[in-house]
Amino acid sequence: MAPPSPSPCPFSAPSMLKKRDCFVGRKDELKFIQSQMTGPQPTSVNIVGPHKIGKSSLLWRFYQICRNHRQYASSRYAVIYLSFQDGECQTENTFYQRVAEELSQAPVIQAKRSLVTAFSAANWERSTFAKAMRLCESEKILPVLCIDKFEALFQDSYREEFDEGFYDNLHSLINNSALMLVLASLETLDSYRTKYKLTSSFFNVGSVSPLEKFSEAEAKKLVELPKGTIAGAIPALTETNQRLALEWGERHPVRLQLAGRYLWEAQQRRKNVNWAKQNFQNQARVVLQLPTPPKRPQKLGQWLRWLVLDVPIWVGNLTKRFGLKVDDIFAWVMGLSVIIVAIMCVAGIVTEKYFFDLFKKFLCGSLSPVLGKWCDG
């Protein structure tokens with residue numbers, strides 16, 4: 001068992017990281033968003049990634065940089081953060097009201113009397129919002145809205161409140177450089193447009209920035225916290241536990257945070273590694289919403305149900321977690337079948353003709369336009 005850590009726990013999963021000292025990595029992503037904001041033509045950004053990959057923390061960090069860094073705080077950018085998960089933006093007008101409240105606190109807005117008056121309006125509607133954004137443009141100020149959990153707008157309760165006119169209005173403001181959006185969502189805006197048969201040009205605006213796992217260097221920096229973020233600090237985890245955290249975390253931000261948290265607790269409470277691993281696995285399954293493997297049954301009827309129904313459903317859910325679609329799964333099954341039959345052919349279990357026929361069907365199913373007559377023969 002490792003000795004107690006001399007440092008307080010620096011791992012805060014699964015919460016959004018708001019403390020600067022807990023945030024590591026994502027330098028390239030932050031630079032990309034900043035470049036889209038400060039370029040000659042501001043371009044909105046759609047940050048896309050699976051559940052708990054760190055989208056919220058990235059948005060909050062960008063917002064904090066822009067609000068606190070001298071380079072941006074005294075410039076033309078009025079950057080705010082809000083989330084549709086907070087429940088304060090459930091209608092179009094309350095969304096405008098919330099944006100106005102946040103923007104009114106930006107120093108660059110407070111420095112302009114005309115804008116202070118505009119953002120103190122009692123009632124906020126679509127036209128009021130558009131007028132205020134265009135007034136900012138005339139004062140050479142760019143409102144930048146960092147909006148988290150944007151996918152909430154496509155739930156049934158929100159879709160009734162936010163119609164295509166809402167998106168058209170945003171598109172018009174973005175198109176005229178009166179507004180910039182940094183949106184975080186599970187899928188791309190274009191995928192939501194297709195899924196819900198939306199026609200607004202809003203869904204074709206901006207750059208898509210996929211958010212993926214940490215690099216090895218970023219993952220290593222995280223498990224070494226608080227080293228590097230606090231002067232003179234030493235890592236909260238022993239070197240052995242740092243290696244375990246990297247192994248369990250698999251470069252996934254939240255998995256790394258959870259691994260670090262339970263390994264740190266094990267150090268403090270004099271628990272063994274198995275205790276930390278069990279707690280980590282249980283919490284990771286809940287936080288990442290991973291499907292629970294079906295338990296093996298005891299009776300014959302239960303075995304048949306387990307084999308025919310439960311296991312295929314579980315595997316199907318796993319494929320969804322990795323972003324696989326039906327076509328991907330079919331291709332995987334076909335490819336695996338060809339490999340298995342090839343092994344059986346080498347072992348003499350099946351004939352060469354049987355393998356050739358199967359291989360031909362596999363190729364023609366994927367490349368029939370290219371292979372042409374050979375597939376017809």
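Tutor: Before we start, pLDDT is the predictor's confidence in each residue, from 0 to 100, and what we have here is a predicted model.

Student: Okay, so how many contacts beyond four places in sequence does the model have for residues 322–326, where pLDDT stays under 50?

Tutor: For the chain, the mean pLDDT is 82, with 76% of residues at 70 or more. Over residues 322–326, though, pLDDT stays under 50. For that stretch, the contacts beyond four places in sequence number 3.

Student: Which element gives the most residues to the lining of the second largest pocket?

Tutor: That pocket has a volume of about 650 Å³, and among the residues closest to its centre are K52 and D148. Elements giving two or more residues to the lining are α2 (55–68), β2 (77–83) and α13 (253–269). The top contributor, with 5 residues, is α2.

Student: Now the aromatics. How far apart in sequence are the parts that Y96 and F129 tie together?

Tutor: Y96 and F129 are a stacked pair, 4.6 Å centre to centre with 20° between the planes. Y96 sits in helix α4 and F129 in helix α7, so the pair bridges parts of the chain whose separation in sequence is 33 residues.

Student: And F154 and Y196 stack too, at 5.8 Å centre to centre. Is Y196 buried, partly exposed or exposed?

Tutor: F154 has 4% relative accessibility, so F154 counts as buried. Buried means under 20% and exposed means over 50%. Y196 has 25% relative accessibility, so its class is partly exposed.

Notes
Residues are numbered from 1 along each chain as its sequence is written. This is a predicted model: local features need pLDDT of at least 70, side-chain atom pairs count only at pLDDT 80 or more; totals for chains, interfaces and linings use all residues. Side-chain values use heavy atoms; hydrogens and water are left out. On a 1 Å grid over the protein atoms alone, a cavity is a set of points where a 1.4 Å probe fits but cannot get out, and a pocket is an open set with protein on both sides within 12 Å along at least five of seven lines; lining residues have an atom within 4 Å of a point. Grid points are joined across faces, edges and corners, and a volume is the space filled by probe spheres set on the points. Helices (H or I, at least four residues) and strands (E, at least two) are DSSP runs, numbered from the N terminus. Contact means heavy atoms within 4.5 Å. Rings of Phe, Tyr and Trp (its six-membered ring) pair if their centres lie within 6.5 Å; planes under 30 degrees apart count as stacked, over 60 as edge-to-face and the rest as tilted. Buried means under 20% relative accessible area, exposed over 50%, partly exposed in between (1.4 Å probe, protein chains only).
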